[in-house]
Amino acid sequence: MASLFTSRRAIIITNPTVSNLYGAVISGSLQKAGFSVHILEVPEGEKYKSLETAAELYDRLVSLGARRFEPIVALGGGVIGDLAGFVAATYMRGVPYIQIPTSLLAQVDSSVGGKVAVNHPQGKNLIGCFYQPRAVFIDLETLATLPERQLKAGLAEVIKYSFIRNDGFLSFLEKNLNLILELNRPILLEIVKRCCQIKAKVVEEDEKDLGTRAILNYGHTIGHAIEALGGYEKYLHGEAISIGMVGAAWIACELGFLKREEVERHEEILSRVGLPTKLSEFSESQVIDQMQWDKKWVSEKSRFVLLEKIGSPILYSDVPVSVIKKALRRLSLERRGE
Ligand code: NAD
Ligand code: GLY
């Protein structure tokens with residue numbers, strides 16, 4: 001950061017959980033590099049990724065006399081990254097910011113690509129923009145304190161990348177899954193690096209999400225519906241998209257793209273992680289009704305990211321509702337090997 005900025009004051013935005021674990025280390029390190037540091041904490045939780053919290057942060061920045069060239073540091077998971085990035089994008093028409101993602105999901109997904117946002121009572125991420133961080137610093141050591149359920153939810157996004165890229169990444173994950181779950185350092189380094197490379201390449205091609213960036217939403221159409229039906233409490237995002245990816249695989253199977261064994265390959269790796277792969281809580285019609293509210297369900301037509309084969313995603317519009325229903329039935333009932 002000392003080489004990136006001329007200013008010698010940095011403002012860290014974080015939450016109490018992450019601040020207690022890493023606030024002192026990061027401020028100590030910045031102070032050694034000559035920065036004076038302020039830590040602004042916001043309460044823990046997705047519900048604080050809001051305009052109200054952003055407004056409180058603007059007030060605190062104004063009271064500190066924060067200026068345009070002083071960097072904001074987003075230290076935490078995706079909630080903090082999205083909120084701090086949004087505040088950085090809008091305070092004084094944009095101040096530079098750095099991402100220090102501390103959850104696996106944030107390391108492999110939300111910290112890269114520049115989507116920043118807060119939620120609106122009517123929906124997640126409804127208010128936001130594209131605003132790239134000046135740098136993303138990832139320290140794998142932070143994963144040691146991440147709750148196991150959060151780690152597994154992050155792995156759903158890792159597995160997502162392996163489904164949309166045909167470069168042996170899926171086989172690599174299948175082979176090394178036990179080591180990943182044991183937080184083996186060289187293996188984790190490899191997977192986080194590969195995910196960031198995949199995401200960066202997709203974002204370079206379509207930063208503003210007008211076309212191909214949508215492939216990053218594999219599993220998200222059904223996943224978002226499940227997340228919303230669970231009131232954003234029952235399922236973590238990664239858990240919901242785990243079910244959503246299997247659902248998308250069944251749709252692709254119904255349409256004659258994927259073979260049944262490829263759907264089973266989805267189920268196998270996700271269930272080995274301990275992620276859910278069945279639609280057990282909600283009915284097919286509940287999911288279909290909910291999906292129609294999704295941004296990805298364009299002008300009353302369904303739009304899904306589907307795989308023609310593993311590693312080859314396509315955007316497919318207008319999947320017949322009868323096909324979606326059949327796929328959701330399989331998602332509810334099918335057992336591997338039946
Ligand atoms: P999160 O930020 O809520 O973090 C999960 C939990 O882990 C929180 O309780 C957090 O305090 C805690 N935590 C984080 N790092 C920790 C650590 N090292 N040790 C101990 N505890 C730690 O959730 P998340 O899954 O990181 O992010 C979800 C958010 O990311 C959502 O708001 C979602 O909309 C957003 N998101 C954004 C993008 C994007 O492109 N901008 C992509 C995907 C998700
Ligand atoms: N997480 C999806 C995207 O960044 O486009």
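**Figure 1. Helix H1 supplies the largest share of the shell around ligand 1 in this predicted model.** Four residues of that shell come from H1. Start the tour at this helix, which spans residues 16–32. Helix H3 (78–90), helix H4 (104–110) and strand E6 (123–130) join H1 here, and each of these elements supplies at least two residues of the shell.

**Figure 2. The shell around ligand 1 holds 26 residues.** Which of them come nearest to the ligand? They are Glu44, Glu46, Thr102, Ser103 and Thr145. By class, the shell divides into seven nonpolar, 11 polar and eight charged residues.

**Figure 3. Polar contacts link ligand 1 to residues that include aspartate 82, lysine 115 and lysine 124.** Aspartate 82 places a polar side-chain atom 3.0 Å from a nitrogen atom of the ligand. Lysine 115 takes part through its backbone, with an N or O atom 2.9 Å from a nitrogen atom of ligand 1. For lysine 124, a polar side-chain atom lies 3.3 Å from an oxygen atom of the ligand. Taken alone, ligand 1 exposes 860 Å², and the protein buries 87% of that.

**Figure 4. Ligand 2 is surrounded by Asp109, Lys115, Lys199, Arg213, Leu216 and Asn217.** How do these residues divide by class? Four are charged, one is polar and one is nonpolar. Lysine 115 is worth a second look here: its backbone has an N or O atom 2.9 Å from a nitrogen atom of ligand 1, while an N or O atom in its side chain is 2.8 Å from an oxygen atom of ligand 2.

**Figure 5. Side chains of aspartate 109, lysine 115 and arginine 213 make polar contacts with ligand 2.** A nitrogen atom of the ligand is 3.2 Å from an N or O atom in the aspartate 109 side chain. In the case of lysine 115, an oxygen atom of ligand 2 sits 2.8 Å from an N or O atom of the side chain. Arginine 213 brings a polar side-chain atom to 2.7 Å from an oxygen atom of the ligand. Ligand 2 exposes 200 Å² when taken alone, of which the protein buries 87%.

**Figure 6. Serine 50 sits in the loop between strand E2 (36–41) and helix H2 (51–64).** Is this residue buried or exposed? Serine 50 counts as buried because its relative accessible area is 9%, under the 20% cut-off. Its side chain also forms a polar contact of 2.9 Å with the side chain of threonine 53.

**Figure 7. Cysteines 195 and 196 do not form a disulfide: the structure holds zero disulfides.** Why is there no bond at cysteine 196? The closest cysteine sulfur, in cysteine 195, is 6.9 Å from the sulfur of cysteine 196, so the pair is too far apart for a bond. Cysteine 196 counts as buried, at 17% relative accessibility. Cysteine 253 is buried too, with a relative accessible area of 19%.

**Figure 8. Strands E8 and E9 form a hairpin with two residues between them.** E8 covers residues 303–309 and E9 covers residues 312–317. In which sense do the strands pair? The pairing is antiparallel, over six bridges. Follow lysine 309 across to E9 and you will find its bridge partner, serine 312. In the turn, glycine 311 has a positive phi of about 95°.

Definitions and conventions:
Residues are numbered from 1 along each chain as its sequence is written. Chains are lettered from A and ligands numbered from 1 in the order in which they are written. This is a predicted model: local features need pLDDT of at least 70, side-chain atom pairs count only at pLDDT 80 or more; totals for chains, interfaces and linings use all residues. Side-chain values use heavy atoms; hydrogens and water are left out. A residue is near a molecule or strand if one of its heavy atoms lies within 4 Å of it. A polar contact is a pair of N or O atoms within 3.5 Å; within protein, one must be able to donate a hydrogen and the other to accept it, and residues adjacent in sequence count only if both atoms are side-chain atoms. Accessible areas come from the Shrake-Rupley method with a 1.4 Å probe; for residues, only the protein chains shown count as cover. Ala, Val, Leu, Ile, Met, Phe, Trp, Tyr, Cys and Pro count as nonpolar, Asp, Glu, Lys and Arg as charged, and the others, Gly among them, as polar. A disulfide is a pair of cysteine sulfur atoms within 2.5 Å. Buried means under 20% relative accessible area, exposed over 50%, partly exposed in between (1.4 Å probe, protein chains only). Two strands pair if DSSP finds at least two bridges between them.
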